Amino acid sequence: MIMLPRRFYFDNALDDLFEEEGAKMKCDIYEKENTYHVDMDLPGFKKDEIKVECNKGNLIVSAEKKHEEEDKDEKKKYIRRERFYGKYSRSFYLGDVDEENIEASYDNGTLHIAVPKIDENKNRKLIDIK
C-alpha cells in the first residue's frame, strides 16, 4: 500500500477561490525624500509581460502571462498544475505626483517604481477673501 500525504491532491485547492486577484502581487509602498517607492513581487514574469501606467495620480501595475504552447506529448499526464496563465492587476491612488518623471526597474522578480511627489506648495493657491 502506497501512502500519499493527506493534502497531496487537494493542497490549497480552495485557496484560489477565496484569494483576491491582487493578493498574488505582494508589495511594499513607502515614502522617502519626497518620492513614493513601490516594491512589488512579480516572480515568474518577464519584463515585457509587465505594464506600469499612471493616470491622474492612480498608479496601475498589470502583468500578463500568456499560455505557452506545450509539446504535444500525449503520454504526459499532469498530477498537479500550479503555474498560472492569465492577467493580474493592482492599482493605488498616490495623489498629486510628477507623472513625467516616474521610473521603474525590474530585477530578480521584483518590480521597483519610484514616483516623485509634486511639491504641495506649488499647487497651492491662496484665495483673497472679499
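In the predicted model, strands β1 and β2 form a hairpin in which two residues separate the strands. One residue of this turn, E33, adopts a positive phi of about 50 degrees. Pairing between β1 and β2, the latter spanning residues 35-41, is antiparallel and extends over six bridges. Within this ladder, K32 lies opposite T35 of β2, and D28 has D39 of β2 as its bridge partner.

On the β7 side, β2 is joined to residues 110-116 by seven bridges, and β2 and β7 run antiparallel. T35 takes part here as well, with P116 of β7 as its bridge partner. T35 is thus placed opposite K32 and is also bridged to P116. Burial was assessed for β2 with a cut-off of under 20% relative accessible area. Five of the seven residues of β2 are buried, and the strand is therefore largely enclosed by the rest of the structure.

The hairpin belongs to an open sheet of four strands, arranged in the order β1-β2-β7-β6 with antiparallel pairing. The edge positions are taken by β1 (27-32) and β6 (103-107); each has a single partner strand, so one side of each is left without a neighbour in the sheet. On average, neighbouring strands of the sheet are turned by 15 degrees against each other, with direction ignored.

Conventions:
Residues are numbered from 1 along each chain as its sequence is written. This is a predicted model: local features need pLDDT of at least 70, side-chain atom pairs count only at pLDDT 80 or more; totals for chains, interfaces and linings use all residues. Side-chain values use heavy atoms; hydrogens and water are left out. Two strands pair if DSSP finds at least two bridges between them. Axes are lines fitted to C-alpha atoms, for helices over the stretch in contact, and angles run from 0 to 180 degrees between N-to-C directions. Buried means under 20% relative accessible area, exposed over 50%, partly exposed in between (1.4 Å probe, protein chains only).
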